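Hi everyone, thanks for making time this morning. I'd like to walk you through one model, so please bring it up on your screens and follow along with me.

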Amino acid sequence: MAGGGAARHAGAGGALRGARRRRGALGPGGRYGRARAGGRRPVRRPALGPQQVHRGQEGSLMKPKLESLSKEERLARMRHSAAHVMAEAVVSMFPDAKLGIGPPIDTGFYYDFDLPRPLSTEDMPVIEEKMRQRIASDVPFVQEEISKDEARKLFAGQAYKLELIEEIPDKEVTLYRHGDFVDLCQGPHVERTGQVAAFRLLNVAGAYWRGHERNPMLQRIYGALFDTAEELEAHLHQLEEAQRRDHRRLGRELDLFSFHEEFGPGLVYWHPKGGRVRTIIEDFWRQEHYRHGYDVVYSPHIGKATLWSTSGHLDFYTESMYSPMDVDGQDYYLKPMNCPFHIQIYKSGLRSYRDLPIRMAELGTVYRYERSGVLHGLLRVRGFTQDDAHIFCRPDQVKEEIASCVRFMTFFLNAFGFKDFHVYLSTRDASAKYAGSLEDWDMATGVLREVIDESGLPYDVDEGGAVFYGPKIDVKLLDTLGREWQCTTVQFDFNMPERFDVKYIGEDGRERQPYMVHRALLGSLERFLGVLIEHYAGAFPLWLAPVQALVIPIADRHNEYARSVAAQLAEAGLRVEVDERSERMQAKVRGAQLQKVPYMLIVGDKEAGAGTASVRLRTGEDLGPMPLANVVSRMREEVAEKR
RNA sequence: GCCGAAGUGGCGCAAUGGUAGCGCAAGCGAUUUGUAAUCGCUAGGUUGGGGGUUCGAAUCCCCCCUUCGGCUCCA
């Protein structure tokens with residue numbers, strides 16, 4: 001994020017409207033919260049209208065058979081039905097329970113409840129058991145349609161359901177009934193409870209009713225559900241495996257970084273090894289930016305209040321800013337963004353149309369207040385370094401500049417081996433909170449859309465997801481649990497040029513306002529490194545590995561030769577260490593494996609005599625003894641190719 | 001910020017009202033070893049912080065801090 005005002009102007013929750021929104025605002029499955037967490041994403045599937053699900057006596061005769069459906073659709077139905085069965089179980093335990101919604105999600109389902117007491121993990125087996133009984137009883141799911149009036153009577157006392165009923169545009173609403181349990185629901189479901197497959201209740205979490213912070217907080221129970229017990233087990237196993245590649249754990253084990261909560265949560269301390277990786281990325285970043293026509297700048301970390309009032313941050317972004325510090329009786333603020341500074345650099349001279357585009361990049365460290373509950377390792381911190389840039393350009397240059405940002409982004413993500421990322425086009429909605437003219441917005445949104453279309457990257461439209469000052473393209477990378485984290489962002493800004501009166505002299509000699517584009521490609525180095533660590537499970541490719549080779553002398557008498565081997569590699573620009581501990585070679589190999597060092601160079605009598613090293617790779621592959629020159633050339637080649 | 005769970009040596013864990021232990025890591029010593037853990041010894045904790053109950057608190061109660069999983073918000 002490079003622009004301002006997101007906090008207040010991102011719209012009501014910024015939920016994914018548009019592409020991911022399903023029709024209607026019905027109960028379970030009708031409307032979803034945000035598409036966000038891993039396995040917590042609403043399933044995407046075509047809405048199945050009532051016309052496709054005919055009513056039958058048993059609610060089954062005319063429905064498509066479960067087996068004939070796609071796996072995706074079948075799972076969605078089972079998950080949705082499991083949510084109903086779970087709701088029934090919870091209601092049987094708490095007759096006064098008020099029901100929220102209970103949709104299927106990527107890996108299972110959830111249901112939200114308003115209950116008289118907090119649920120605990122001890123409740124899970126009880127609920128599960130009730131569910132299994134209901135599944136064993138194998139009763140049919142029956143769809144019904146009733147008038148809204150009838151529905152209001154049926155759901156009297158169910159405040160949340162009543163709210164949903166009022167929002168349904170049709171005269172009739174659909175219900176799904178199994179056994180004595182009935183829910184306001186558009187469906188579709190499986191035919192019988194017995195068709196609900198392998199599931200496990202996972203956890204309870206708080207969730208605001210309809211995702212709004214001002215609404216009551218309900219208790220949400222998450223469950224996982226798959227076709228078979230094996231697939232369920234595999235999924236649960238995968239969740240455990242994910243812990244092994246959690247960047248917070250790897251950060252400690254690989255000695256990359258630490259946090260010191262007692263001295264400030266959300267503030268990263270980079271250790272030498274993590275610092276090494278970061279430096280490599282920064283060097284690469286700088287080199288590529290120069291190559292791509294950017295200038296690299298540095299700006300201060302604090303600025304006077306007048307800067308932030310002019311920029312609008314004090315009006316629109318104060319909630320994310322830290323309290324001012326007093327400097328000679330003046331208020332100074334720690335910067336939450338770099339843009340106002342870059343604008344000053346732009347404005348330090350008269351700019352001609354010939355000077356544009358001006359591309360100003362900075363690894364700019366910013367500080368933002370993040371609410372305590374949202375901090376998350378490196379992925380959400382309070383101080384971070386954006387790989388920020390601001391592009392000032394003429395109207396005729398806009399499209400190419402945006403296109404080159406997208407190409408540059410793709411180049412970086414490829415360089416780091418990312419295949420799995422989600423692109424979003426965030427547009428404005430009907431509200432009137434936006435800066436800039438509608439024409440500007442239409443133009444900018446059109447350009448962004450054209451550029452992504454032409455890039456061939458699949459994307460979703462996040463209607464209303466734009467910040468108040470302009471539309472944007474965002475790219476989100478996935479962590480090990482499949483949670484999305486916004487990294488790349490390319491944003492138009494129709495606010496700041498106006499506020500700071502940014503100009504250039506046009507061909508006609510008159511002052512004109514340039515277009516301003518904020519962009520961060522990696523996003524922030526902290527977040528990017530966090531995602532990257534999980535992406536590689538800590539086993540960085542050679543060019544990024546903090547220690548590229550570990551020389552392992554077999555006995556103390558080989559230490560001297562080991563040091564000379566290390567010196568030769570270091571001379572060739574490789575990062576190498578020697579394990580001189582009085583340990584057995586096996587222990588040293590194990591240590592290197594655990595540290596995920598790519599190359600292990602084992603040296604004993606044979607190697608010292610022949611001027612070689614026996615090479616073991618992190619993969620376990622034994623390359624046998626190699627002349628040092630060959631080791632060096634092999635490694636240098638691997639580094640050059642960023643493999 | 002909200003809901004729930006949790007905080008015990010650097011890390012992973014045990015001790016559920018009665019003297020805080022174990023493994024790994026660390027330090028020291030021995031060993032000099034051929035592709036994922038050599039052996040021994042030593043040191044290390046006012047149990048996240050503060051208050052309370054009790055003869056006695058890691059354990060029970062209250063407040064705060066932090067972490068984890070969600071929600072909301074965002075790079």
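Before we look at anything, one cut-off: a residue is called buried under 20% relative accessible area, exposed over 50%, and partly exposed in between. Aspartate 255, at 35% relative accessibility, therefore counts as partly exposed. Please also keep in mind that this is a predicted model.

While we are on aspartate 255, have a look at its backbone. Its phi is positive, about 60°, although the residue is not a glycine. You'll find aspartate 255 in the loop between α7 (247–253) and β10 (257–259). Aspartate 138 is another case: its phi is near 50°, again a positive value in a residue other than glycine. That one is in the loop between α3 (123–137) and β5 (141–147). Because its relative accessibility is 28%, aspartate 138 counts as partly exposed.

Let's zoom out to the overall layout. Chain A has 643 residues, and 54% of them are buried. There are 19 helices and 29 strands, and the C-alpha atoms fill a box of roughly 85 × 75 × 50 Å along the principal axes. Of the contacts with a separation of 6 or more, 72% are between residues 24 or more positions apart.

The chain is divided into domain 1 (32–239), domain 2 (248–535) and domain 3 (549–640). How far apart are the centres of domain 2 and domain 3? Taken over C-alpha atoms, 41 Å separate them. Where these two domains meet, 6 residues of domain 2 are in contact with 4 residues of domain 3.

Now for the pocket that I think this group will enjoy. The second largest pocket has a volume of about 280 Å³. It is lined by 20 residues, and the closest to its centre are Lys273, Val547, Glu577, Gln595 and Val597. Domain 2 and domain 3 each contribute at least three residues to that lining. Looking at secondary structure, β26 (576–578) and α17 (585–594) each supply at least two lining residues, and α17 gives the most, with 3. In terms of chemistry, the lining divides into 10 nonpolar, 3 polar and 7 charged residues.

Next, the packing. In soluble globular proteins, nonpolar side chains tend to be buried together. Which residues touch the most other members of the largest nonpolar core? They are Ile402 and Phe416, in a core of 68 residues. Helix α12 (residues 398–415) provides the largest share of this core, 10 residues. Apart from it lies another core, of 34 residues, with Leu69, Val85, Ala87 and Phe141 among them.

Coming back to phenylalanine 416, and leaving out neighbours within four places in sequence, its contacts are Ile281, Phe284, Leu522, Phe528, Leu532, His535, Tyr536, Trp543 and Leu544.

For a buried residue elsewhere, try valine 90, which sits in helix α2 (residues 71–93). Its relative accessibility is 0%, so it counts as buried. Beyond residues up to four places away in sequence, valine 90 touches Phe113, Leu115, Ile127 and Ile221. To get a feel for the span of the chain, compare it with glycine 604: the two are 514 residues apart in sequence and 67 Å apart in space, C-alpha to C-alpha.

Here is one for the electrostatics fans. Is aspartate 387 buried or exposed? It counts as buried, because its relative accessibility is 0%. This aspartate 387 belongs to strand β17 (residues 383–393). Glutamate 362 is 25 residues away from aspartate 387 in sequence, with 6.1 Å between their C-alpha atoms. Setting aside neighbours within four places, the contacts of aspartate 387 include Glu362, Trp285, Arg519 and Ser524.

Last stop: helix α11 (residues 339–346). With 6 of its 8 residues buried, α11 is largely enclosed by the rest of the structure. The buried ones in α11 are Cys339, Pro340, Phe341, His342, Ile343 and Tyr346. In the loop between α11 and β16 (358–367) you come to proline 357. A cis peptide bond joins leucine 356 to this proline 357, with omega about 0°.

That's my tour, and I'm happy to take questions.

Definitions and conventions: Residues are numbered from 1 along each chain as its sequence is written. Chains are lettered from A and ligands numbered from 1 in the order in which they are written. This is a predicted model: local features need pLDDT of at least 70, side-chain atom pairs count only at pLDDT 80 or more; totals for chains, interfaces and linings use all residues. Side-chain values use heavy atoms; hydrogens and water are left out. On a 1 Å grid over the protein atoms alone, a cavity is a set of points where a 1.4 Å probe fits but cannot get out, and a pocket is an open set with protein on both sides within 12 Å along at least five of seven lines; lining residues have an atom within 4 Å of a point. Grid points are joined across faces, edges and corners, and a volume is the space filled by probe spheres set on the points. Helices (H or I, at least four residues) and strands (E, at least two) are DSSP runs, numbered from the N terminus. Ala, Val, Leu, Ile, Met, Phe, Trp, Tyr, Cys and Pro count as nonpolar, Asp, Glu, Lys and Arg as charged, and the others, Gly among them, as polar. Domain bounds come from an automatic or database domain assignment. A nonpolar core is a set of buried Ala, Val, Leu, Ile, Met, Phe, Trp, Tyr and Cys residues joined through side-chain atoms within 4.5 Å. Buried means under 20% relative accessible area, exposed over 50%, partly exposed in between (1.4 Å probe, protein chains only). Contact means heavy atoms within 4.5 Å.
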